[in-house]
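User: Hi! I'm new to this one and would like a friendly tour. Could you put it up on the screen?
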Amino acid sequence: MRHALFFAPLLAAACSAAPPPSGSTTVADPGSVLVVVDTPPAATATAEAPAPKPVARGDLEWTIFGDTPTVAWAPDGVRLAIANQVNYLNTPAPAGQAGIDVVHVETGKRTRVHEGPGYHPVWLSDDQMAFGCSTYECDDAGQGIYLLDLGKRARRALAHGAYHTRAAKDGGVIFFSGFPEYEGWMSWDLRSPKPKRISGPEDSWKAPTAPLADQCPSKVGDRRVEQRGDQVFVVDAATGRHPIVTAEPWNPAWPGDRGAIQPCLSPDGRFVVYFSQRGGAGLVGVRQLDTP
């Protein structure tokens, strides 16, 4: 059963990439980054202007630690939480590597908000988030759901086997419980002493859609994002498919046939997040698009 847990990261959101496009910026250290925004030329007015195409306007890229990045957009739509974590492998992280960062994608500022193990961040409000820690990262005594008020230390709020922490539509958390026994997807409203079982297969890693508030979706309205080969595309129902960045997919090292970790959109469709690897380093990239 433990072996089944190794497949969990492959269902989350992440590339050996071509050289970065001109003007891109690599973040070296939390708290300092320059963002270069390439402003497209003004459109020429016509009597019957065609539908505007999604155009990438800005470029931000930074290095992360870990094997499978997990990200979530804050309610304000401009801050991105990302976990730096090696998942499920009982692999100790070097000091200062594992943790959760928040990146303001318009200013480029990156801030470490949690130091230590934790993954699948979930925004509960503009200044509070939750994240999971499984027995592989926090051992049996520390596994569970943690609450983090920004600027303070995280505290364990629910002691339970927890994987794939996700945001719930009711403001709580849903998560997959698969160790020491399969319980399947659970729902916790932050007030109850125990979570409740969500109906569905007990051994399915796919999050149920009904209670899910997706904080990094692949589709928003008529716009969706996908990676085919070495290109990330934005597909718009009105204007077709448009490449926004060239980047070979991030294929997890094990197992090698599970495909790439996929890009996703911000919930308002203004930003694309993609994942890459270059020179052995893991990278996260954000592109700002023309508004839908």
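User: Let me start with one residue: is tyrosine 146 buried or exposed?

Analyst: Tyrosine 146 counts as buried, at 15% relative accessibility. Buried means under 20% relative accessible area, exposed means over 50%, and partly exposed is in between, with a 1.4 Å probe and protein chains only.

User: Before I go on, what should I know about the model itself?

Analyst: This is a predicted model, where local features need pLDDT of at least 70, side-chain atom pairs count only at pLDDT 80 or more, and totals for chains, interfaces and linings use all residues. Residues are numbered from 1 along each chain as its sequence is written, and side-chain values use heavy atoms, with hydrogens and water left out.

User: What is the average pLDDT of the protein?

Analyst: The average is 79, and 77% of the residues score at least 70. pLDDT is the predictor's confidence in each residue, from 0 to 100. Over residues 1–47 the pLDDT is below 50, although that stretch has 122 contacts in the model beyond near neighbours in sequence. A contact here means heavy atoms within 4.5 Å. Where pLDDT is low, the predicted coordinates should not be read in detail.

User: Back to tyrosine 146. Which residue forms an aromatic pair with it?

Analyst: Its partner is phenylalanine 131; the two are stacked, 5.4 Å centre to centre with 5 degrees between the planes. Rings of Phe, Tyr and Trp (its six-membered ring) pair if their centres lie within 6.5 Å; planes under 30 degrees apart count as stacked, over 60 as edge-to-face and the rest as tilted. Phenylalanine 131 sits in strand β9 (residues 128–133) and tyrosine 146 in strand β10 (residues 144–149), 15 residues apart. Strands (E, at least two residues) and helices (H or I, at least four) are DSSP runs, numbered from the N terminus. Phenylalanine 131 is buried too, with a relative accessible area of 1%.

User: How many aromatic pairs are there in the whole structure?

Analyst: A search finds four. One of them is tryptophan 73 with phenylalanine 271, stacked at 5.3 Å centre to centre and 25 degrees between the planes. Tryptophan 73 is in strand β4 and phenylalanine 271 in strand β21 (residues 271–278), so this pair ties together parts that are 198 residues apart in sequence. Both are buried: tryptophan 73 has a relative accessible area of 2%, and phenylalanine 271 is at 0%. Ring pairs also link Phe176, Tyr182 and Trp185 into a cluster.

User: You mentioned β4. Which strands share a sheet with it?

Analyst: It belongs to an open sheet of four strands in the order β4-β5-β6-β7, with antiparallel pairing. Two strands pair if DSSP finds at least two bridges between them. The edges are β4 (70–73) and β7 (110–115); each has a single partner strand, so one side of each is left without a neighbour in the sheet. From one strand to the next, the twist averages 20 degrees.

User: And how many bridges join β5 to β6?

Analyst: Six, between β5 (residues 79–84) and β6 (residues 99–104). Arginine 79, for example, has histidine 104 in β6 as its bridge partner.

User: New topic: what is unusual about the phi of histidine 120?

Analyst: Most residues other than glycine have a negative phi. Histidine 120 has a positive one, near 50 degrees. It lies in strand β8 (residues 119–125) and is buried, at 6% relative accessible area. Histidine 164, in strand β12 (residues 163–167), also has a positive phi, of about 50 degrees, and is buried at 4% relative accessibility.

Conventions:
Axes are lines fitted to C-alpha atoms, for helices over the stretch in contact, and angles run from 0 to 180 degrees between N-to-C directions.
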